[in-house]
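User: I am new to this structure and would like a close look at the side chains that pair, or might be thought to pair, inside it. Please take me through them slowly, in one connected account, and show how they sit against the rest of the fold.

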Amino acid sequence: MEAPLCPIKSISAEHKDLIHDVAFDFYGKRMATCSSDQSLKVWDLGEDGEWQCTANWRSHGGSVWRVTWCHPEFGQVLASCSFDRTTAIWEEIVGDSTSKQKSQGHWVKRTTFVDSRTSITDVKFAPKHLGLQVATCSTDGIVRFYEASDVMNLTVWSSVQEEINTKMSKCSCISWNPSRIHSPMVAVGSNDPNPSGGGKVLLFEYSQSERYCIFYYICYYC
């Protein structure tokens with residue numbers, strides 16, 4: 001039997017309210033945290049094995065539910081989503097060797113998606129082979145996709161397709177299938193406790209003719 005995982009380190013995140021998400025970057029040497037205190041924090045693993053907060057900023061006008069890193073091929077980029085009904089894209093600006101920004105980290109908001117009328121509960125970057133895309137879901141059951149028009153200019157994004165109405169209330173999470181074999185695919189989950197809400201996980205697969213279409217669902221009560 002494998003030994004149980006044991007905590008090896010405790011980090012005092014010093015958020016002023018509940019922490020809703022924590023995410024490692026691709027290499028596992030950086031972390032990001034988000035909280036109901038409306039802030040994001042970025043942590044870097046030092047040579048001494050200690051995690052240091054290198055950036056801390058107010059990112060939204062409401063609780064921040066999720067934070068996620070994109071693939072490093074596209075730079076140091078984060079996405080966050082919030083109760084304030086927005087999704088934000090953040091890019092780290094590297095200062096010169098004499099600048100305090102180099103050691104502290106300086107994150108700039110490149111764009112904000114404001115299409116949602118309700119709280120956005122999750123945001124995820126697509127697998128690298130699909131380019132720089134993000135998917136979001138919100139409590140009204142809507143899934144949206146956005147793509148950077150130019151990966152060198154993250155201020156310009158466009159909707160990849162028309163939004164998807166999952167017809168599920170309280171969509172709570174979304175995930176991309178990382179496989180290169182399948183067509184682009186996302187799974188969307190709901191935390192609605194009402195059994196009449198139907199499938200609790202919906203899978204959507206992209207096709208040229210119908211764009212994203214539902215082809216399978218998993219019911220929580222099955």
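Analyst: In this predicted model, the search for disulfides comes to a count of 0. C137 is part of no disulfide, and the cysteine sulfur nearest to its own, that of C171, lies 5.5 Å away. A disulfide is a covalent bond between the sulfur atoms of two cysteines, and the rule applied here asks for the two sulfurs to be within 2.5 Å. Looked at from the other side, the sulfur of C171 has C137 as the site of its closest cysteine sulfur, and because that distance is 5.5 Å, it is too far for a bond. C137 is nevertheless buried, with a relative accessibility of 0%, and C171 is buried too, at 1%.

The charged side chains come next. Side chains of opposite charge can pair when their charged atoms come close. Across the whole structure, 7 salt bridges are found. One of them joins the side chains of E92 and R30, with a nitrogen-to-oxygen distance of 2.8 Å. This pair links distant parts of the chain, since E92 belongs to strand 7 and R30 to strand 2, 62 residues apart. Both E92 and R30 are buried, and the pair does not stand alone, for R30, D44 and E92 are linked in a network of salt bridges.

Another pair is formed by D122 and R66, whose side chains meet in a salt bridge of 3.8 Å, N to O. Because D122 lies in strand 9 and R66 in strand 5 (residues 64–69), this salt bridge ties together parts of the chain that are 56 residues apart in sequence. The two partners differ in their surroundings: D122 has a relative accessibility of 1% and counts as buried, whereas R66, at 23%, counts as partly exposed.

A further salt bridge joins K128 and E73, the closest N and O atoms being 3.6 Å apart. Here the partners sit in loops, K128 in the one between strand 9 and strand 10 (133–138) and E73 in the one between strand 5 and strand 6, so the pair ties together parts that are 55 residues apart in sequence. K128 is partly exposed, with a relative accessible area of 33%, while E73 is exposed, at 53%.

Strand 2, which carries R30, also has a partner strand. Strand 1 (residues 19–24) and strand 2 (residues 30–35) pair in the antiparallel sense over 5 bridges, and within that pairing F24 has M31 of strand 2 as its bridge partner. The hairpin made by these two strands has 5 residues between them, and in it G28 takes a positive phi near 75 degrees.

Strand 7, which carries E92, spans residues 87–93 and includes I93. I93 is partly exposed, with a relative accessible area of 27%, and, leaving aside neighbours within four places in sequence, I93 is in contact with H106, V108 and R110. The C-alpha atoms of I93 and Q76 are 8.4 Å apart, although the two residues are separated by 17 residues in sequence.

The nonpolar packing completes the picture. The largest nonpolar core holds 16 residues, and those that touch the most other members are I89, F125, L132, V134 and W157. At least two residues of this core come from each of strand 6 (77–82), strand 9 (120–125), strand 11 (142–150) and strand 12 (153–159). F125, with residues up to four places away in sequence not counted, touches a list of residues that includes W69, C70, L78, I89, L132, V134, W157 and W176. A second core, separate from this one, has 15 residues, among them L130, I174, W176 and V186.

Set against the chain as a whole, these details belong to a fold with 1 helix and 17 strands. Of the 222 residues of the chain, 44% count as buried. Among contacts between residues at least 6 apart in sequence, 41% join residues at least 24 apart. The chain exposes about 12600 Å², and carbon and sulfur atoms supply 52% of that area.

Terms used
Residues numbered from 1 in each chain as written. Predicted model: local features only at pLDDT ≥ 70, side-chain atom pairs only at ≥ 80, totals over all residues. Heavy atoms only, no water. Core = buried A, V, L, I, M, F, W, Y, C linked by side-chain atoms within 4.5 Å. Buried < 20%, exposed > 50% of the residue type's maximum accessible area, 1.4 Å probe, protein only. Helix = DSSP H or I, 4+ residues; strand = E, 2+ residues; numbered from the N terminus. Contact = heavy atoms within 4.5 Å. Areas by Shrake-Rupley, 256 points an atom, 1.4 Å probe, with all protein chains shown as cover. Pairing = 2+ DSSP bridges. Salt bridge = Lys/Arg side-chain N within 4 Å of Asp/Glu carboxyl O.
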